[in-house]
Amino acid sequence: MQQFLRRYRQAVAQAEDLAGEVQALRLLEDRLGSTLPPSSPALARLEQLTAQLEDQLARCLDIRAQVERVIQMVGDEQQQRILQLRYIRGMTWERIGHTLTLDERWVRRLHAKTLDSLARHMPPL
């Protein structure tokens, strides 16, 4: 279950990596200006990475929707919030505890309890 929930943050990290590459190539393109011919491999790579980034962003949205559906299956609002903060927003346990004004250890216990409950009541993903 935890592996399934982590998929969104992993997809976001991949999108961020691609966005960094696109940004670096665009900066290079701006510096070189019109010296690059339209058939330049660098421009082709930029177009390729831009298309990959768009695909990855669409994947992120799909995965996020799947993860959010699973989180919504949790009956307790506080437990839902812990999962949202951890797996959608990517917060640390300490930050989640601070946000919810709960002890970090209690947040971890609630998280484990929630994952166990989800695993028992859901079909395999």
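Reader: Is Arg26 buried, partly exposed or exposed?
Author: This is a predicted model, and the values here are computed from it. The relative accessibility of Arg26 is 41%. Buried needs a value under 20% and exposed one over 50%. The value for Arg26 falls in between, so Arg26 counts as partly exposed.

Reader: Which residues does Arg26 touch, leaving out those up to four places away in sequence?
Author: Arg26 sits in helix α1. With residues up to four places away set aside, the partners of Arg26 are Leu46 and Thr50.

Reader: How far is the C-alpha atom of Arg26 from that of Ala42?
Author: Along the chain, 16 residues separate Arg26 and Ala42. In space, the distance between their C-alpha atoms is 9.6 Å.

Reader: What secondary structure does the chain have, and in what pattern?
Author: The count is 5 helices and 0 strands. Read along the sequence, the pattern is α-α-α-α-α.

Reader: How far apart are the end C-alpha atoms of helix α2?
Author: Helix α2 covers residues 41-72, which is 32 residues. At 1.5 Å a residue, the helix should span 46 Å. The model agrees, because the end C-alpha atoms of α2 are separated by 46 Å.

Reader: Which helices are included in what covers the buried residues of α2?
Author: Buried residues of α2 include Leu46 and Thr50. Both are touched by Arg26, which lies in α1. The cover of the buried residues in α2 includes α1 (2-32), α3 (77-88) and α5 (104-121).

Reader: Where is Gln80, and is Gln80 buried or exposed?
Author: Gln80 is found in helix α3. Its relative accessible area is 13%. The cut-off for buried is under 20%, so Gln80 is buried.

Reader: Which residues touch Gln80, not counting those up to four places away in sequence?
Author: One partner, Ile71, is among the buried residues of α2. The full set for Gln80 is Ile71, Gln72 and Val74.

Reader: What is the relative accessible area of Leu110?
Author: Leu110 belongs to helix α5. Its contacts beyond four places in sequence are Gln78, Gln79, Ile82 and Leu102. Leu110 is buried, with a relative accessible area of 7%.

Reader: How far apart in space are Leu110 and Met122?
Author: In sequence, 12 residues separate Leu110 and Met122. From C-alpha to C-alpha, the distance is 18 Å.

Reader: Which residue has a positive phi although it is not a glycine?
Author: Most residues other than glycine have a negative phi. Here a phi of about 50° occurs in the loop between α4 (93-100) and α5. The residue there is exposed, with a relative accessible area of 70%. Its name is Thr101.

Reader: What is the radius of gyration of the chain?
Author: The C-alpha atoms fill a box of roughly 60 × 30 × 15 Å along the principal axes. A compact globule of 125 residues would have a radius of gyration near 14 Å. The chain has 20 Å.

Reader: What share of the residues is buried?
Author: The chain has 125 residues. Its accessible surface is about 8300 Å², and carbon and sulfur atoms hold 50% of that. The buried share of the residues is 32%.

Reader: What share of the contacts with a separation of 6 or more joins residues 24 or more positions apart?
Author: A contact here means heavy atoms within 4.5 Å. Among contacts with a separation of 6 or more, the share from residues 24 or more positions apart is 66%.

Reader: How far apart are the centres of the positive and negative side chains?
Author: The chain carries 18 positive and 16 negative side chains. The distance between the centres of the two sets is 7 Å.

Notes: Residues numbered from 1 in each chain as written. Predicted model: local features only at pLDDT ≥ 70, side-chain atom pairs only at ≥ 80, totals over all residues. Heavy atoms only, no water. Helix = DSSP H or I, 4+ residues; strand = E, 2+ residues; numbered from the N terminus. Expected span 1.5 Å × (residues − 1). Buried < 20%, exposed > 50% of the residue type's maximum accessible area, 1.4 Å probe, protein only. Rg over C-alpha atoms; globule rule 2.2 N^0.38 Å. Areas by Shrake-Rupley, 256 points an atom, 1.4 Å probe, with all protein chains shown as cover. Lys, Arg positive; Asp, Glu negative; His and termini not counted. Charge placed at Lys NZ, Arg CZ, Asp CG, Glu CD.
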